[in-house]
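Trainee: I have a model open and want to work through it with you. Can we go question by question?

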Amino acid sequence: MKLTVNGTEHEVDIAPATPLLWVLRDVLGLTGAKYGCGIGQCGACTVHVDGVAERSCQIPVGDLWGAVTTIEGLGTPDAPHPVQAAWIEHQVAQCGYCQSGQIMTAAALLAEVPEPDEAAIADALWNNLCRCGTYPRIKTAVRSAAQKLKEG
């Protein structure tokens, strides 16, 4: 079957029931999305499907409906996405395990709601879990990225 990931079309020979997360990690070698809970509750595996934040552990690759963007395709080291740049600027990550899911969720939020208020940020990120408790820095980084996107 064919799937488009980070702008590149891939042909994979894999059972349609295989979760997208396993295809990304084990077949394509894109390890940014993490396996967390395996039941779509923690957000560590979040990727974009047609620009919408989705839990890749819950999507059978045979049911995939659009192009996938992972944290590896969001920005580059030389040209990070504004959310990635804000994460670095505000030193958000501690252990880092949840960070790609947090960033992908925040980027999807800002694509849909360019100037989110505190409630919108909290609502978008409420089910992306961070065991290190970096939530205040995450919210600061999201506000900072929104401002930078607004400024162009």
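Trainee: Does Cys98 count as buried or exposed, and at what relative accessibility?
Mentor: Keep in mind that this is a predicted model. Buried means under 20% relative accessible area. Cys98 falls in that class, so it counts as buried, at a relative accessibility of 9%.

Trainee: Which cysteine has the closest sulfur to that of Cys98, and how far away is it?
Mentor: A disulfide needs two cysteine sulfur atoms within 2.5 Å. The closest sulfur to that of Cys98 is too far for a bond. It belongs to Cys130, at 3.8 Å.

Trainee: What about Cys42, and which cysteine sulfur is nearest there?
Mentor: The structure holds zero disulfides. Cys42 is accordingly in no disulfide. Its relative accessibility is 15%, so Cys42 counts as buried. The nearest cysteine sulfur is 3.9 Å away, in Cys37.

Trainee: Where does Gln102 sit?
Mentor: Start with cover: Gln102 is buried, with a relative accessible area of 1%. Then take its place in the chain. Gln102 lies in residues 99-112, which form helix 4.

Trainee: Which residues does Gln102 touch, leaving out those up to four places away in sequence?
Mentor: The burial of Gln102 goes with a relative accessible area of 1%. Its contacts include Trp87 and Tyr135. The full list is Trp87, Leu125, Asn128, Leu129, Cys130, Tyr135 and Ile138.

Trainee: Which strands do the buried residues of helix 1 pack against?
Mentor: Helix 1 covers residues 20-27. Its buried residues are Leu20, Leu21, Val23 and Leu24. They pack against strand 1 (2-5), strand 3 (46-49) and strand 5 (68-69).

Trainee: Which residue just after helix 1 takes a positive phi?
Mentor: Look at the position just after helix 1. Phi there is about 75 degrees. The residue is Gly29.

Trainee: What is phi of Asn6?
Mentor: Most residues other than glycine have a negative phi. Asn6 has a positive one. It lies in the loop between strand 1 and strand 2 (8-11), and is partly exposed, with a relative accessible area of 26%. Phi of Asn6 is near 55 degrees.

Trainee: And what is phi of Gln91?
Mentor: Gln91 is in the loop between helix 3 (82-89) and helix 4. It is exposed, with a relative accessible area of 53%. Its phi is positive, in a residue other than glycine. The value is near 45 degrees.

Trainee: Zooming out, what pattern does the chain follow along the sequence?
Mentor: Count the elements: six helices and five strands. Then read them along the sequence. The pattern is β-β-α-β-β-β-α-α-α-α-α.

Trainee: What is the radius of gyration of the chain?
Mentor: The globule rule gives 15 Å for 152 residues. The chain is close to that, so it is as compact as a globular protein of that length. Its C-alpha trace spans about 40 × 30 × 25 Å along the principal axes. The radius of gyration is 15 Å.

Trainee: What share of the contacts with a separation of 6 or more comes from residues 24 or more positions apart?
Mentor: For context, 41% of the 152 residues count as buried. Now take the contacts with a separation of 6 or more. Residues 24 or more positions apart account for 56%.

Trainee: How far apart are the mean positions of the positive and negative charges?
Mentor: The chain has 10 positive and 16 negative charges. Take the mean position of each set. They are 10 Å apart.

Conventions. Residues numbered from 1 in each chain as written. Predicted model: local features only at pLDDT ≥ 70, side-chain atom pairs only at ≥ 80, totals over all residues. Heavy atoms only, no water. Helix = DSSP H or I, 4+ residues; strand = E, 2+ residues; numbered from the N terminus. Rg over C-alpha atoms; globule rule 2.2 N^0.38 Å. Buried < 20%, exposed > 50% of the residue type's maximum accessible area, 1.4 Å probe, protein only. Contact = heavy atoms within 4.5 Å. Lys, Arg positive; Asp, Glu negative; His and termini not counted. Charge placed at Lys NZ, Arg CZ, Asp CG, Glu CD.
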